[in-house]
Amino acid sequence: MTFDANTPSAYGAPFDRSTPSDTRSPVFQKTLKSSIGCTGVGLHSGVRVAMKLHPAPPGTGIVFKRVDLVGGGAVIEARWSRVVDSRMCTVIADQNGIGVATVEHLMSAFCGAEVDNAIVEINGPEVPAMDGSALPFVFLIECAGVTEQDQPRRALKILRRKSYFNGNKMVALGPHDEGLLIDFHIDFSAPAIGQQSCSFTVGRENFKTELSQARTFGLLSDVTALREAGLARGGTLDNAIVVDGDRILNDDGLRHDNEFARHKALDAVGDLYLTGYPIIGHFTGRCSSHADTASLMRQVYADDTCWEMVDLWHTPANKPMWADHKSDMVAYA
Ligand SMILES: [Zn+2]
């Protein structure tokens, strides 16, 4: 069983808000209130691009459109089935190989802001790096505004733990009572990074304050090799933390003591949102990369005893909760 763009839609007919039989209120999908744009340089490509975020109907998900190409451009759903490369960043592409790179920080912002549906128009091959974090995208989303739609929001609830090991790297996804708990631990030989950990349950407010500001980073010793490989061409001290041994080269230092671990957690939030749904589960990353997360998710999808779709509800105390929805599994068989 696969869980991809061809999977039947999880969304049914518009929800009838007047249904009197249940005192709980459903959580509804959300989109942007208005369109908003920005310009910037891609971290790896070095290409300057313009990007616009637009509202989209319920059930759309996050969809990228390359508007710089002759013949109508390319439409790429931000889904795992569209991931074609995850070595240095997450790259998605359509069936012709036309894609968009470094989608993870923007996807992380959409997840943190609880935006389900949006069209992302972009006139180049890579999402702009901005300052290397997700904060500028959170700011864009807040400026555009977020509005509730007329169909219920659903989530992917993890039922059984799956782990993936790759040398000294490990990633795992297991059950959790509510929301998405992210635990990340890193161990770099560069003393300026060293061993760092962070643990967050992702919510709209704490995503913005605790994770969204954490910037991407690189080792000065890797920069030459990356550039020879055609990567990090747009990387500067304005959009990445650069580390040389025990030194941080950025004049303004770090935004958090464990900013490196927090950025890895931010990446994981963005990569996991490529499911197309919020996840109710506990993600653990140990020195892991985008590629390890991708390998783990392939294992999770390959075993349909690991997850189920659930509706999201507000309780009378306005505390979000999930509801079992096993009958809907038929739609995914
Ligand atoms: Zn990142």
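Me: What makes E7, E8 and E9 an open sheet, and which strands stand at its edges?
Reply: In this predicted model, the three strands follow the order E7-E8-E9 with antiparallel pairing. Strand E7 (83-85) and strand E9 (99-100) each have a single partner strand, so one side of each is left without a neighbour in the sheet. These two therefore stand at the edges.

Me: How do you know that E8 and E9 pair?
Reply: Pairing requires at least two bridges between the strands. Strand E8 (residues 91-93) and E9 have two bridges, in the antiparallel sense, and therefore count as paired. Ala-93 stands opposite Gly-99 in E9.

Me: Why is the set that includes Met-107 and Phe-110 called a nonpolar core?
Reply: The term applies because the members are buried residues of types such as Ala, Val, Ile, Met and Phe, joined through C-beta atoms within 7 Å. The largest such core has 82 residues, of which Met-107, Phe-110, Ala-118, Ile-141, Ala-265 and Val-269 touch the most other members. Helix H5 (residues 259-272) gives the most to this core, with seven residues. In soluble globular proteins, nonpolar side chains tend to be buried together.

Me: Which residues does Ala-118 touch, and what makes each of them a contact?
Reply: Each counts because its C-beta atom lies within 7 Å of that of Ala-118. Not counting residues up to four places away in sequence, Ala-118 touches Thr-31, Leu-32, Leu-53, His-54, Pro-55, Ala-56, Ile-62 and Phe-110.

Me: What share of the protein chain is buried, and what makes a residue buried?
Reply: A residue is buried if 20 or more other C-beta atoms lie within 10 Å of its own. Buried residues make up 44% of the 333 residues in the protein chain.

Technical notes:
Residues numbered from 1 in each chain as written. Predicted model: local features only at pLDDT ≥ 70, side-chain atom pairs only at ≥ 80, totals over all residues. Buried ≥ 20, exposed ≤ 12 C-beta atoms within 10 Å, placed from the backbone. Helix = DSSP H or I, 4+ residues; strand = E, 2+ residues; numbered from the N terminus. Contact = placed C-beta atoms within 7 Å.
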